[in-house]
Amino acid sequence: MAELRVVLAEDHYLVREGTRRLLETSGEIEVVAAVGTADELLDAAGRLRPDVVVTDIRMPGSADLVRPGMEGIDAAHRIRAASRDIGVVVLSQFSDAMFALDLFRDGTEGRAYLLKDRVGDIDELLGAIRSVAAGGSVIDPKVVEGLLAKRGVRGGPPPAELTPRELDVLREMAHGLSNGGIARALHLSVSAIEKHVNSIFMKLALENSPDTHRRVAAVITYLGSA
């Protein structure tokens, strides 16, 4: 398998170098640039045309990206608008769904939103990179869990009337799992998962599709209804 070319953006030098080495030692990633500002990120993405950009949500150094603390997401929008061939993974310390919804506001394809503690789990990070490189999407399950917890405090049924089992399936969708992966995680048959997935798509008025970005669209639709 050919190595994926990645531009890494992180303003803290030690975190940036540690992440770069972690990615490169996987044997699946070539880090073609490791930068520390939003301006450098935009320049590297434009010049080098990587397969994927991995960026912190906060990236100093650009007058063009005017939302403080959201520079990584703003850069991701700029990069995707310029080239839909470049996938973006935004790493964030914020589990609030509003940040993920902002990243996915123009669509889910080729985008991932992960909490920064995923950097320590190379399989999680590599999975997100591979997914967005192929046009898919990933949203951190902790974001979904946080929203569901808030709903539990408020009380009342979910807007889409999803069943508890469908919510379990939706959580695993957020993790980017296939139907087979969800079946293994929930100890159910693949056919049972397929029925739940179809029901979720129907209730959220989404076209049934095996594409990863369509599955994550179900998660985003659900989050957006909160």
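In this predicted model, 10 salt bridges are present. Side chains of opposite charge can pair when their charged atoms come close. Three of these pairs are described here.

R20 and E24 form one of them, with the closest N and O atoms 2.9 Å apart. Both residues belong to helix 1, which covers residues 13–24. They sit four residues apart, about one turn of the helix. E24 is partly exposed, because its relative accessible area is 31% and the partly exposed class runs between 20% and 50%.

A second pair within a helix joins R165 and D168. Here the closest N and O atoms are 3.3 Å apart. The two residues are three places apart in helix 7 (residues 164–174), so about one helical turn separates them. R165 has a relative accessible area of 33% and is therefore partly exposed. D168 is also partly exposed, at 24%.

The salt bridge between K116 and D56 has an N to O distance of 3.3 Å. This pair links distant parts of the chain, as the two residues are 60 residues apart. K116 lies in the loop between strand 5 (111–115) and helix 5 (122–133). D56 belongs to strand 3. The two partners fall into separate accessibility classes. K116 has 25% relative accessibility and so counts as partly exposed. D56 has 6% and so counts as buried, since that value is under 20%. The pair is also part of a network: salt bridges link E10, D56 and K116.

The nonpolar residues were examined next. In soluble globular proteins, nonpolar side chains tend to be buried together. The largest nonpolar core in the model has 29 residues. L41, V53, I73, I79, V90, L103 and Y113 touch the most other members. Both helices and strands contribute to this core. Strand 1, strand 2 (29–35), strand 4 (87–92) and strand 5 each give two or more residues. So do helix 2, helix 3 (71–82) and helix 4 (97–103). Helix 2 gives the most, with five residues.

I73 illustrates the contacts of one core member. Leaving aside neighbours within four places in sequence, I73 is in contact with I57, R67, V90, F99, D102 and L103. Two of these partners, V90 and L103, are themselves listed with I73 as residues that touch the most other core members. Apart from this core lies another, of 19 residues. Its members include L4, V6, L8 and V132.

F99, a contact of I73, also takes part in ring pairing. The structure holds one aromatic pair. Its rings belong to F94 and F99, with centres 4.6 Å apart and planes at 20°. The pair is stacked because this angle is under 30 degrees. F94 is partly exposed, as its relative accessibility is 21%. F99 is buried, as its relative accessible area is 14%.

Helix packing was examined for helix 1 and helix 5. Two packed helices are described by the angle between their axes and the distance between the axes. The axes of helix 1 and helix 5 come within 11 Å and cross at roughly 80°. The two helices are therefore roughly perpendicular to each other, because angles of 65 to 115 degrees fall in that class. On the helix 1 side, T19, L22 and L23 make the contact. On the helix 5 side, I122, L125, L126 and I129 do so.

Helix 1 is preceded by a loop that starts after strand 1 (4–9), and H12 lies in this loop. H12 has a relative accessible area of 48%, so this residue is partly exposed. H12 and M59 are 47 residues apart along the chain, and their C-alpha atoms are separated by 9.6 Å.

Backbone angles were considered last. Most residues other than glycine have a negative phi. R49 has a positive phi, near 45°. This residue lies in the loop between helix 2 (38–48) and strand 3 (52–56). R49 is partly exposed, because its relative accessible area is 46%. H187 also has a positive phi, near 60°. H187 is placed in the loop between helix 8 (179–186) and helix 9 (190–203). With a relative accessible area of 71%, H187 is exposed, because that value is over 50%.

How values were computed. Residues numbered from 1 in each chain as written. Predicted model: local features only at pLDDT ≥ 70, side-chain atom pairs only at ≥ 80, totals over all residues. Heavy atoms only, no water. Buried < 20%, exposed > 50% of the residue type's maximum accessible area, 1.4 Å probe, protein only. Salt bridge = Lys/Arg side-chain N within 4 Å of Asp/Glu carboxyl O. Phe/Tyr/Trp six-rings, centres within 6.5 Å; stacked < 30°, edge-to-face > 60°. Core = buried A, V, L, I, M, F, W, Y, C linked by side-chain atoms within 4.5 Å. Contact = heavy atoms within 4.5 Å. Axes fitted to C-alpha atoms, helices over the stretch in contact; angles between N-to-C directions. Parallel < 35°, antiparallel > 145°, perpendicular 65-115°, else oblique.
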